[in-house]
Amino acid sequence: MKFTLSSIWLLLIGLFIYVPSYSQDPIFSQFYAAPLQINPAFTGNTYTPNIALNVRNQWSGWPGSAYSTYAASVDQFIEPLNIGLGLMISSDNAGDGLFLINNLTAFFSYKVDLGNDWNVKLGVEAGAWQTRVNWDKLVFGDQLDIFDGNNGKNPSQEDIPAENGRTVLDISTGLLIYGPVFYGGFSLKHINTPDDVFFASSKEFVTGLPVRYSVHTGAQIILKEGNKRRMDAFISPNILFERQVDLNQINIGAYGGIGSVFAGTWFRHTFGNADAAIVLVGYRQKGFKIGYSYDFTVSSSLTNPLSAGSHELSIGINFDHNRRKVNYNDCFELFR
């Protein structure tokens, strides 16, 4: 039998989608560059608009651009009202457009001063979560020709479902406590467990999008204080733990900046098996920041030569540098 690798890949994805199962939300390796995706309580870390752009290409060695994730967000702290407001649009693309998840989400946070330079922020988010399958990209068994390898070009007798997509309301919440040096928080994503299942045969097995639990903590250690012409030199160790159904992952590492250059390294583990070592390099200057990271796959079930690792690019634009006086007095330099 002659099968093309791309046909087998599309068939596997098609079966994965068609058979009822749970999948984990996409998480950026540079989670600090997309904090709204982790916890809505991060909304409003700057006094003026803060723009974040994120692109992730996961397992780029697989045919058909295995997984690509894109996100763009803007958020700001409204000082007179003590609130943060934000908006994010994101898209997750699996199998070169075979399976798409699109989101448009609004964010709100409220800050409470605890005294002694400690604060707590409560955050909520609400948005539209859309899932869609491109049926034309699916390849079924009756389309595979065992003689001439004419894979996917024969017509299929599979019934096309009446609904290939679903749009639902998605609600999340979170809490964050922080001071000049330390921060910690948790979030609950999809607390309304929206029903995103659009294949009728799957509805009896799947009751809705599972809640995603997140716990995160870290610190910012100033090595050398900056001034109007020079940014702080600092190091920020941090931990992120995520759980969704029975899927777990933990990221442990550190991020540091000296002058205009920053770098970092993390290790991601899924408890059942080691996943990836992550390295980051970047440049920052006058409110502009750009970072590139690479995930070196160390999983026992997926080698780096096979997956070709994962690439991620982040861009941040913070307009606070134009203010005459900016005094954050907190540990969030990592997130700006």
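This tour proceeds from the whole chain to selected residues and the salt bridges among them.

**The whole chain**

Begin with the entire model displayed, and bear in mind that the structure is predicted. The chain contains three helices and 15 strands. Of its 336 residues, 47% count as buried. The accessible surface comes to about 16,400 Å², and carbon and sulfur atoms account for 62% of that area. Consider next the contacts between residues at least 6 apart in sequence: 58% of these join residues at least 24 apart.

**Serine 310**

Select serine 310, which belongs to strand S15, covering residues 310-318. Is this residue buried or exposed? Serine 310 has a relative accessible area of 2%, and it therefore counts as buried, the cut-off being under 20%. Now display its contacts, leaving aside the neighbours within four places in sequence. Serine 310 touches Arg56, Asn57, Gln58 and Trp59, together with Ser293, Tyr294 and Asp295.

**Arginine 212 and glutamate 242**

Turn now to the salt bridges, of which the whole structure has nine. One of them is formed by glutamate 242 and arginine 212, whose closest N and O atoms are 2.9 Å apart. Colour strand S10 (residues 233-244) to locate glutamate 242, and strand S8 (residues 212-219) to locate arginine 212. The two residues are 30 apart in sequence, so their salt bridge ties together separate parts of the chain. Glutamate 242 is buried, with a relative accessibility of 0%, and arginine 212 is likewise buried, at 3%.

**Arginine 268, aspartate 275 and their network**

Select arginine 268 and aspartate 275 next. Their side chains form a salt bridge with an N to O distance of 2.7 Å. Arginine 268 has a relative accessible area of 7% and is buried; aspartate 275, at 17%, also counts as buried.

Which residues should be added to the selection to show the network of salt bridges? Add Arg56, Asp295 and Glu312, which are linked with Arg268 and Asp275 in this network. Two of these names have appeared before: Arg56 and Asp295 are among the contacts of serine 310.

**Aspartate 330 and arginine 336**

Finally, select aspartate 330 and arginine 336. A salt bridge joins their side chains, with 2.9 Å from N to O. Aspartate 330 is buried, with a relative accessible area of 14%. Arginine 336 counts as buried at 15% relative accessibility.

Methods. Residues are numbered from 1 along each chain as its sequence is written. This is a predicted model: local features need pLDDT of at least 70, side-chain atom pairs count only at pLDDT 80 or more; totals for chains, interfaces and linings use all residues. Side-chain values use heavy atoms; hydrogens and water are left out. Helices (H or I, at least four residues) and strands (E, at least two) are DSSP runs, numbered from the N terminus. Buried means under 20% relative accessible area, exposed over 50%, partly exposed in between (1.4 Å probe, protein chains only). Contact means heavy atoms within 4.5 Å. Accessible areas come from the Shrake-Rupley method with a 1.4 Å probe; for residues, only the protein chains shown count as cover. A salt bridge is a side-chain nitrogen of Lys or Arg within 4 Å of a carboxyl oxygen of Asp or Glu.
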